[in-house]
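Q: Could you take a close look at one part of this model with me? I would like to follow a single side chain and what lies around it.

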Amino acid sequence: MDLRIPLSCSSIRPNRRNRASTLAKSQLQMDSAVTSTQVPTHSVTVHDRKRGVVHTFSVPEDQYILHSAESQDISLPFACRHGCCTSCAVRIKSGQIRQPEALGISAELREKGYALLCVGFPSTDVEVETQDEDEVYWLQFGRYFARGPIDRDDYALELAMGDE
């Protein structure tokens, strides 16, 4: 039993003029869709205190500041990339950063103008200054340590790491 249906080639393949016209129309539709849903972009200036460098770059409102910096070959401090530590902590000098996933800093520190670049989205043009990770950690958790900061014991750390 033969189930093939004979079709002429002209009914299967559109001619070149129609295909080019169709492609041009679909490209125009995609371009207008992109234009109508374009995400606002903001200027972000980061004063890197440790390195003595100032970086200014553009970041779309829907992208993390750290990720945008890296995609533009700008090196900024970071560690976890999940908003859980204070390696990428900054102090906001001007502007606003939305950071719903910033678990590494308390609401109190956020109210004082601290933010995490790895999970921060710019809401406006922003100017920030990097902070010392230990300093921010102390601001957040220091009140829980009655005798002040804990001195790091590198020898004990070496012994502990040797066991692994």
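Which backbone oxygen does the side chain of His42 reach?

A: Happy to walk through this with you; keep in mind that the model is predicted. The side chain of His42 reaches the backbone oxygen of Ser123, at 3.3 Å. His42 itself sits in strand E1, which covers residues 41-48. With a relative accessible area of 12%, His42 is buried, because the cut-off for that is under 20%.

What surrounds His42 comes from two stretches of sequence. Leaving aside residues up to four places away in sequence, His42 touches Phe57, Ser58, Val59 and Glu61, and also Pro122, Ser123, Thr124 and Asp125. Ser123, the polar partner, is thus among the residues that His42 touches. Ser58 is another of these neighbours: 16 residues separate Ser58 from His42 in sequence, yet their C-alpha atoms are 5.5 Å apart in space.

For a second buried side chain, turn to Gln99, in the loop between strand E4 (97-98) and helix H4 (107-111). Gln99 has 9% relative accessibility and so counts as buried. Here a polar atom of the Gln99 side chain lies 3.0 Å from the backbone nitrogen of Leu116. Beyond four places in sequence, Gln99 touches Leu116 along with Ile105, Arg110, Tyr114, Ala115, Val119 and Gly120.

If you also want open space to explore, the largest pocket holds about 290 Å³. Its lining includes Asp48, Arg49, Lys50 and Arg51, as well as Gln131, Asp132, Glu133 and Asp134. By type, the lining residues comprise 7 charged, 3 polar and 2 nonpolar.

Definitions and conventions. Residues are numbered from 1 along each chain as its sequence is written. This is a predicted model: local features need pLDDT of at least 70, side-chain atom pairs count only at pLDDT 80 or more; totals for chains, interfaces and linings use all residues. Side-chain values use heavy atoms; hydrogens and water are left out. On a 1 Å grid over the protein atoms alone, a cavity is a set of points where a 1.4 Å probe fits but cannot get out, and a pocket is an open set with protein on both sides within 12 Å along at least five of seven lines; lining residues have an atom within 4 Å of a point. Grid points are joined across faces, edges and corners, and a volume is the space filled by probe spheres set on the points. Ala, Val, Leu, Ile, Met, Phe, Trp, Tyr, Cys and Pro count as nonpolar, Asp, Glu, Lys and Arg as charged, and the others, Gly among them, as polar. Helices (H or I, at least four residues) and strands (E, at least two) are DSSP runs, numbered from the N terminus. Buried means under 20% relative accessible area, exposed over 50%, partly exposed in between (1.4 Å probe, protein chains only). A polar contact is a pair of N or O atoms within 3.5 Å; within protein, one must be able to donate a hydrogen and the other to accept it, and residues adjacent in sequence count only if both atoms are side-chain atoms. Contact means heavy atoms within 4.5 Å.
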